[in-house]
Amino acid sequence: MFDKSQLMRGTLEGCILKIISLEVTYGYEIMIKLTGYGFVDIREGTIYPLLVRLEKKDLISGEFRPSPLGPSRKYYFITKGGREALNSFEAYWQSISVTVSKILSLEVE
Amino acid sequence: MANQLEQLRKENNVLDKQLSKENNTIMMDMVCYLRSSNLCEYDIEIIRKELTGMALEAQLRNEKFNDVVGDDYKALCDELMKNGRKKTLYEKTLEILYVLVFGIGTLYLVEILFSSTIINIVKFGQFALPITSGFLVSTFFAVVMAFSVYNYFTKNSFELSNHNRKTQIIFIIAFTAVWTAVLLIRVYMGNTVLWSVNCLYPTLFLAIAFVLVKSLGDRHANNLIKTYR
């Protein structure tokens, strides 16, 4: 069966960057938005390592802020490098999605 | 200067107390396993804070922790280890030096308190400490064993927390065997005096080394935290 984890990782990173670029947000809210847009089987535990990775690469930055529910939450915002990475992801996704769609629509002659 | 890493650790300990028993056990296994990794100490505490926050929010939403992070806690930790910031050579060196100075210092203190040295100091005002081959070998053995036991327990925290009978028996046998070996080395090799020193000098040396390593560690941790903000 097709191993979707590699494809998911890169795609999710791009989507997380996009969501964070629109507003300052936190892990649980990102997860809710991703599932709302149709990503299935996504949990906070799925995206948390990706957030750690993006932060390590300085594409996003985190800051603890008080939360109305429980302890302080880490809110993420996009960095300059993150915006550049998002722009290149969007451009690459546009080109590759068109190409992949063309190939997948091929039929046996 | 107060170590901000210790401050964060204290805050996390307070948060831990709000966790349910089940979530507390899971968190303990995860943090223990993360400590076996090459991740920065500060990053481990930040991850701990965030995971504890997730668990507490899940509790408030009447959800289970595995609903939030999935059932495979070890896989999540492996992902975090892969993606997090790694310790530098300087940090690793400081960490090893800290453990060595603390371990040797403790064993040295035990040697003074549980040998005739303490009687000589109190009764006769003599500070001579005979350094025996038994003391050197058993100290070396004890430090190596402490390192090995720590590594084994942190790397296998998930398996060990299952509390199966076999694991418990192996642990008891290993623990007894190791400390019996240390004691036997101490007793049978203990008579050969290699040299004698004034016990104040090593005490002073170990105290200075401890303060130095601790303050270098604190300074480095605080500098590191500044770069994260």
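Trainee: Let's begin with residues 195–213 of chain B: what is the mix of helix and strand there?

Mentor: For a span like this, look at the secondary structure and the end-to-end distance together. This is a predicted model, and in it residues 195–213 of chain B are 74% helix and 21% strand. The end C-alpha atoms of that span lie 27 Å apart.

Trainee: Which feature does UniProt place on that stretch of chain B?

Mentor: The unreviewed UniProt entry labels residues 195–213 of chain B "transmembrane region", and it gives that label to residues 96–121, 127–149 and 169–189 as well. Keep in mind that such annotations may be inferred rather than shown by experiment. Try residues 169–189 of chain B next: that span is 95% helix and 0% strand, with its end C-alpha atoms 30 Å apart.

Trainee: How is chain B divided into domains?

Mentor: Domain 1 of chain B covers 4–83, and domain 2 covers 89–228. Their C-alpha centres are 29 Å apart. Where they meet, domain 1 of chain B contributes 12 residues and domain 2 of chain B contributes 11.

Trainee: Which elements of domain 1 of chain B give two or more residues to that side?

Mentor: Those are helix H1 (4–16), helix H2 (21–35) and H5 of chain B. H2(B) supplies the largest share, 5 residues. Sorted by class, the domain 1 side has 6 nonpolar, 3 polar and 3 charged residues.

Trainee: And for contact between the chains, how many residues of each chain take part?

Mentor: Here's the general idea before the case. The size of an interface is often given as the accessible area lost when the parts come together. For this pair we can go by residues: 16 of chain B are in contact with 13 of chain A. On the chain B side, the elements giving two or more residues are H3, helix H4 (65–69) and helix H5 (73–83). H3(B) has the largest share there, with 6 residues. The class tally for that side of chain B is 8 nonpolar, 4 polar and 4 charged.

Trainee: Let's stay with H3(B): how far apart are its end C-alpha atoms, and what span should its residues give?

Mentor: The check is a simple one: take 1.5 Å a residue and compare the result with the end-to-end distance. The 20 residues of H3(B) should span 28 Å, and its end C-alpha atoms are 29 Å apart, so the two agree. H3(B) is also mostly covered, with 16 of its 20 residues buried. Just after the helix, B:Asn62 has a positive phi of about 60 degrees.

Trainee: B:Gln59 caught my eye: is it buried, exposed or partly exposed?

Mentor: Count the neighbours. B:Gln59 has 18 other C-beta atoms within 10 Å, so it is partly exposed; being called buried takes 20 or more. The residue lies in helix H3 (residues 41–60) of chain B. Leaving out residues up to four places away in sequence, B:Gln59 touches B:Ser20 and B:Asn23. B:Gly134, by contrast, is 75 residues from B:Gln59 in sequence and 54 Å away in space, C-alpha to C-alpha.

Trainee: Over to chain A: what does UniProt list for residues 16–87?

Mentor: The unreviewed entry lists "domain: Transcription regulator PadR N-terminal" there. In the model, residues 16–87 of chain A are 53% helix and 19% strand, with the end C-alpha atoms 13 Å apart.

Trainee: In what order do the strands of the chain A sheet run?

Mentor: Start from the pairs, then build the order. In chain A, strand E1 (residues 25–26) pairs with strand E3 (residues 73–78) in the antiparallel sense over 2 bridges. A:Thr25 stands opposite A:Tyr76, and A:Tyr26 stands opposite A:Tyr75. Strand E2 (residues 60–65) of chain A also pairs with E3(A) in the antiparallel sense, over 6 bridges; A:Phe64 has A:Lys74 as its bridge partner. The result is an open sheet of 3 strands in the order E1-E3-E2. E1 and E2 of chain A are the edge strands, each pairing on one side only. As a general guide, side chains in a regular strand alternate between the two faces of the sheet.

Trainee: What covers the buried residues of H4(A)?

Mentor: The cover includes helix H1 (5–22), E2 and E3 of chain A. Buried residues in H4(A) include A:Gly82, A:Ala85 and A:Leu86. The span check works here too: the 25 residues of helix H4 (residues 80–104) of chain A should span 36 Å, and the end C-alpha atoms are 35 Å apart, which agrees.

Note on methods:
Residues are numbered from 1 along each chain as its sequence is written. Chains are lettered from A and ligands numbered from 1 in the order in which they are written. This is a predicted model: local features need pLDDT of at least 70, side-chain atom pairs count only at pLDDT 80 or more; totals for chains, interfaces and linings use all residues. Helices (H or I, at least four residues) and strands (E, at least two) are DSSP runs, numbered from the N terminus. Two strands pair if DSSP finds at least two bridges between them. A residue is buried if 20 or more other C-beta atoms lie within 10 Å of its own, exposed if 12 or fewer, and partly exposed in between; C-beta atoms are placed from the backbone. Two residues are in contact if their C-beta atoms, placed from the backbone, lie within 7 Å. Ala, Val, Leu, Ile, Met, Phe, Trp, Tyr, Cys and Pro count as nonpolar, Asp, Glu, Lys and Arg as charged, and the others, Gly among them, as polar. The expected span of a helix is 1.5 Å times one less than its number of residues. Domain bounds come from an automatic or database domain assignment.
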